[in-house]
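Reader: I am new to this structure and would like a close look at a single part of it. Please start from one residue and work outward to the elements around it.

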Amino acid sequence: MLADVARGLSREQKELPPKYFYDSRGSELFEEITRLEEYYQTRTERALLEAVMPHRVQEHRPRALVELGAGSARKSRVILDAMVEAGCGRLFVPVDVSGDFLARTAARLREEYPSLSVIPRTADMTDPLETSNGVPRPAWIALLGSTIGNFRDADARNLVGGVARTMGREDRFLMGADLKPGPGKSVDRLERAYDDARGVTAAFNLNVLSVLNRELGADFDPARFRHQAFYNEERERIEMHLESLVDQEVTIPGVGVTRLEAGETIRTEISRKYDRQDVQGLFRDAGLEIEAWDEDERGMFALVLGSKRS
């Protein structure tokens with residue numbers, strides 16, 4: 001964390017890695033975000049999962065599901081329900097950086113799915129993924145919630161490439177992708193998903209400063225910052241920033257003093273938006289191909305099932 005923060009705050013555009021949002025409080029705030037009216041992504045993706053998973057699972061009969069960035073596993077329950085109903089499900093491996101939150105999720109899942117083994121893994125999803133030992137095949141690896149958008153293009157290719165290297169011919173990669181603005185989704189609609197009227201996303205964004213204060217002994221004053229979110233049309237992505245409201249200095253032991261001018265920002269997250277051509281290129285670079293593409297009728301969100309290229 002110290003190395004990441006030192007590197008990010010030394011850049012011309014200061015930034016913090018979004019993985020540090022997700023302490024227990026941040027994870028709880030994000031779960032609240034997913035229930036907001038403005039945040040269309042979660043309910044649109046869930047509706048797609050409910051519509052297509054029974055058929056997809058029956059067709060491929062995955063015995064294991066490995067979910068990267070599982071959080072509360074609310075959406076993956078739709079896949080698990082289909083796996084149990086089809087009689088093929090044996091194992092669920094939720095992967096997340098927030099160990100305490102993940103442990104609570106795993107405990108609930110064991111009660112809800114007594115026929116499944118639930119083995120959580122506390123890890124950064126960019127860590128090398130190991131599925132060769134003890135994971136029954138075929139296995140599905142899932143990256144839901146448009147999480148792929150949080151990565152720069154090169155990092156997204158590395159992540160998907162790493163997943164592909166663990167996959168066998170019968171395995172599948174399931175990815176959720178938030179789609180670019182178009183006839184069914186205006187830029188304004190997109191921006192409101194990251195700047196809700198109740199200020200939950202703002203609290204989520206500001207919480208990262210509390211994480212750094214607690215974990216690194218920093219002296220950020222969250223009251224001296226405000227949340228920003230906007231669509232960068234050139235880069236085709238949402239950007240979230242924390243804007244300094246005053247000229248200030250922040251001290252982080254092991255990093256030193258960081259000076260911020262009034263109006264200067266720290267970028268905390270990007271959320272890249274995709275279309276089918278983008279995903280096709282991402283998969284091709286990883287040695288995968290699109291096997292199934294499902295999107296809602298307004299073209300807001302897509303579920304993509306990928307397999308190894310033959």
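Author: T258 is a buried residue, because its relative accessible area is 9%, under the 20% that sets the limit for buried. The model it belongs to is a predicted one. T258 lies in strand β10, which covers residues 256-260. Leaving aside residues up to four places away in sequence, T258 touches L9, K14, Q248, E249 and V250.

V246 offers a second place to look. V246 sits in the loop between β8 and β9, the latter being residues 248-252. With a relative accessible area of 32%, V246 is partly exposed. Again without residues up to four places away in sequence, the contacts of V246 are R224, L260, E261 and A262. One of these, L260, is 14 residues from V246 along the chain, and the two C-alpha atoms are separated by 7.8 Å.

The strand before this loop, β8, belongs to a sheet. This is an open sheet of three strands in the order β7-β8-β11, and the pairing is antiparallel. The edges are taken by β7 (225-232) and β11 (265-272); each has a single partner strand, so one side of each is left without a neighbour in the sheet. On average, and with direction ignored, neighbouring strands of this sheet are turned by 20° against each other. Strands of a sheet pair through backbone hydrogen bonds, which may be arranged in parallel or antiparallel fashion. Between β7 and β8 (residues 237-244) there are eight bridges, and the two strands run antiparallel. As one example of the register, R226 stands opposite E243 in β8.

Helix α8 packs against this region. It covers residues 200-216, and at 1.5 Å a residue its 17 residues should span 24 Å; the end C-alpha atoms are 24 Å apart, so the two values agree. Twelve of the 17 residues of α8 are buried, and the helix is therefore largely enclosed by the rest of the structure. Those buried residues are V200, T201, A202, F204, N205, L206, N207, V208, L209, V211, L212 and L216. They pack against two helices, α1 (2-9) and α2 (24-33), and against the strands β7, β8, β9 and β11. The three strands of the open sheet, β7, β8 and β11, are thus among the packing partners of α8. After α8 comes G217, which has a positive phi near 75°.

Another part of the chain can be read in a similar way, starting from strand β13. Seven of the eight residues of β13 (residues 301-308) are buried, so this strand is largely enclosed by the rest of the structure. Strand β6 (residues 172-178) runs antiparallel to β13 and is joined to it by six bridges. Within that pairing, the bridge partner of G176 is L303 in β13. Strand β12 (residues 288-295) also runs antiparallel to β13, with seven bridges between them. Here A292 has L305 of β13 as its bridge partner. β12 and β13 form a hairpin with five residues between them, and in the turn G299 has a positive phi of about 70°.

Helix α6 packs against these strands. For its 14 residues, 153-166, the expected span at 1.5 Å a residue is 20 Å, and the end C-alpha atoms are 20 Å apart, which agrees. The buried residues in α6 are A156, L159, V160, G161, V163, A164 and T166. They pack against β1 (64-68), β5 (139-143), β6, α9 (276-286), β12 and β13.

These parts can finally be set in the whole chain. The chain holds nine helices and 13 strands. Of its 310 residues, 56% count as buried. A compact globule of 310 residues would have a radius of gyration near 19 Å; the chain has 20 Å, which agrees. Along the principal axes, the C-alpha trace spans about 60 × 40 × 35 Å. Among contacts between residues at least 6 apart in sequence, 72% join residues at least 24 apart. The chain exposes about 13,700 Å², of which carbon and sulfur atoms supply 45%.

Conventions
Residues numbered from 1 in each chain as written. Predicted model: local features only at pLDDT ≥ 70, side-chain atom pairs only at ≥ 80, totals over all residues. Heavy atoms only, no water. Pairing = 2+ DSSP bridges. Helix = DSSP H or I, 4+ residues; strand = E, 2+ residues; numbered from the N terminus. Axes fitted to C-alpha atoms, helices over the stretch in contact; angles between N-to-C directions. Rg over C-alpha atoms; globule rule 2.2 N^0.38 Å. Buried < 20%, exposed > 50% of the residue type's maximum accessible area, 1.4 Å probe, protein only. Contact = heavy atoms within 4.5 Å. Areas by Shrake-Rupley, 256 points an atom, 1.4 Å probe, with all protein chains shown as cover. Expected span 1.5 Å × (residues − 1).
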